[in-house]
Amino acid sequence: MTDVSERRARGHDLRAQLLVVVLAVVAGFIAAAIGDPVAGVVEVEVDVDDAPAEPAAEPEAAGAGGQVTLIAHRAVNGRIDMLAVFGFSDATTGNAVLVPPETLLDVPSLGRQAVADIVRLGSGELLETSIENALGVEIDTSVVLDDAQLTTALAPAAITPDAVSGAASDLGQALPAALESWRTALRDPTIAQATTAVDPRLAVLVERAGAALTYQTLPVESVSIEGTVRYEVLADAADTLMRNALGFALLNGGNPRARVAVRDGTGAFGLTPLVAAVLVPAGGKITSTGNVQGFGVGVTQVVYQDDGDIAAAERLAAALGVTQISRAEQPGDEVDVTVIVGADFEPPSEE
């Protein structure tokens with residue numbers, strides 16, 4: 001699918017003044033400085049309209065409609081230590097959902113994994129698919145920045161990488177403040193142009209730098225796994241958050257998504273994530289993956305459990321380019337649709 005983006009600065013003195021304003025606003029909204037991401041949903045609305053600044057630049061890449069951009073930082077150890085999903089319903093307003101890196105997700109072909117480990121074990125594309133699958137929203141652009149790329153992206157704004165990556169552990173206060181510092185800088189046309197020049201993937205964040213943005217943390221609860229603290233998504237609360245924050249980008253039009261099992265019938269390496277990357281945007285929710293015993297499947301098949309799942313099966317089959325649809329001989333209730341991937345499956349070409 002794609003990669004990951006951000007933006008701008010405007011003169012040393014002005015940046016310092018604006019950062020003070022941002023931190024004051026953040027502190028006002030977070031009276032009880034929350035450092036633990038499981039403490040609850042944190043909302044920090046920063047309206048930059050009152051700040052003295054030049055009009056936002058207008059890069060060519062971003063359109064006028066809703067846009068969702070995933071931004072993540074990959075540390076030297078290969079793990080993701082910061083991930084934010086920025087959604088702008090229009091040019092003036094938006095929401096940023098901060099995802100705790102230790103959150104456990106169902107990752108196609110890899111099972112249950114912490115967000116932090118998905119890129120290390122798979123790829124940036126798999127990270128995007130997994131976040132889409134978990135949150136139920138379509139991501140337009142993904143940008144995963146390593147240390148060198150983060151340095152390059154922040155350089156036009158004269159912001160050090162530590163100002164962002166160093167704040168990543170505090171989703172309640174420090175990270176929103178650091179990101180707002182960057183967005184404030186990006187409102188300067190010169191900085192905006194320089195930022196998109198070094199990383200065009202950040203075009204949407206640059207263009208929407210003047211939008212009022214609300215920061216919220218994905219609702220999770222802590223669990224202990226072999227002595228290590230991880231987080232489980234609170235499904236109902238997360239669904240409510242995504243509908244309120246990123247309703248314009250909900251997959252399947254916000255309607256319930258079909259639970260999908262993907263079965264690899266070929267044994268081809270890396271096949272399941274490619275199939276998931278097609279099924280998730282088409283409105284399927286991958287809940288199970290595995291292999292067909294013995295492989296040897298030539299033609300991809302879509303199997304639905306009962307008559308109420310026909311529409312979902314047809315939609316997913318169309319996305320895959322599959323014509324073979326059938327009803328399960330022994331219907332179960334764990335999934336709604338099973339996709340048995342054959343040798344005829346062709347991954348979508350990247351453009």
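The chat below walks through a predicted model, from its nonpolar cores to a helix, a pocket and a few single residues.

Colleague: Where should I start, maybe with the largest nonpolar core, and how many residues does it have?

Modeller: The model is a predicted one, and its largest nonpolar core has 32 residues, among which F86 and W182 have the most contacts inside the core.

Colleague: Which elements give two or more residues to this core?

Modeller: Both strands and helices do: the strands are β3 (80–88), β4 (93–98), β7 (141–145) and β8 (212–217), while the helices are α4 (147–154), α6 (174–185), α7 (189–198) and α8 (203–207). There is also a second, separate core of 30 residues, which includes I131, L241, A249 and L250.

Colleague: Let's take α4, then. Which of its residues are buried?

Modeller: The buried residues of α4 are L150, A153 and L154. They cover an arc of only 90° around the axis, so they sit on the same side of α4.

Colleague: And what do those buried residues pack against?

Modeller: The buried residues of α4 pack against β2 (67–74), β7, α5 (161–165), α6 and α7.

Colleague: What caps the N-terminal end of α4?

Modeller: That is D146, which has a side-chain oxygen 3.2 Å from the backbone nitrogen of A148.

Colleague: Changing topic: how much space lies in the largest pocket?

Modeller: The largest pocket holds about 580 Å³ of space. It is lined by 24 residues, and the closest to its centre are N133, A134, A235, R257 and K285.

Colleague: Which elements give two or more residues to that lining, and which one gives the largest share?

Modeller: The elements giving two or more residues to the lining are β5 (104–107), α3 (124–135), β10 (228–233), α9 (235–246) and β12 (284–291). The largest share comes from α9, with five residues.

Colleague: I was looking at backbone angles too. What is phi of A158?

Modeller: Phi of A158 is near 55°, which is a positive value in a residue other than glycine. Most residues other than glycine have a negative phi. A158 lies in the loop between α4 and α5.

Colleague: Is A158 buried or exposed?

Modeller: A158 has a relative accessible area of 53%, and because the cut-off for exposed is over 50%, this residue counts as exposed.

Colleague: What about F295, and where does it lie?

Modeller: F295 lies in the loop between β12 and β13 (301–304), and although F295 is not a glycine, its phi is positive, at about 55°. Its relative accessibility is 34%, so F295 counts as partly exposed, a class that falls between under 20% and over 50%.

Colleague: How far apart are G172 and Y215, in sequence and in space?

Modeller: G172 and Y215 are 43 residues apart in sequence, and their C-alpha atoms are 8.6 Å apart in space. G172 lies in the loop between α5 and α6 and counts as buried, at 3% relative accessibility.

Colleague: And A212 with G94, how far apart are they?

Modeller: A212 and G94 are 118 residues apart in sequence, with 6.2 Å between their C-alpha atoms in space. A212 is in strand β8 and is buried, with a relative accessible area of 11%.

Colleague: Last one: what does the side chain of S142 make a polar contact with?

Modeller: The side chain of S142 makes a polar contact with the side chain of E128, at 2.3 Å. S142 lies in strand β7, and at 1% relative accessibility S142 counts as buried.

Note on methods
Residues numbered from 1 in each chain as written. Predicted model: local features only at pLDDT ≥ 70, side-chain atom pairs only at ≥ 80, totals over all residues. Heavy atoms only, no water. Core = buried A, V, L, I, M, F, W, Y, C linked by side-chain atoms within 4.5 Å. Buried < 20%, exposed > 50% of the residue type's maximum accessible area, 1.4 Å probe, protein only. Helix = DSSP H or I, 4+ residues; strand = E, 2+ residues; numbered from the N terminus. Arc of directions from axis to C-beta. Contact = heavy atoms within 4.5 Å. Polar contact = N/O pair within 3.5 Å; in protein donor to acceptor, adjacent residues only side chain to side chain. 1 Å grid on protein atoms, 1.4 Å probe; cavity = no way out; pocket = protein on both sides within 12 Å on 5 of 7 lines; lining within 4 Å. Points joined across faces, edges and corners; volume = space filled by probe spheres on them.
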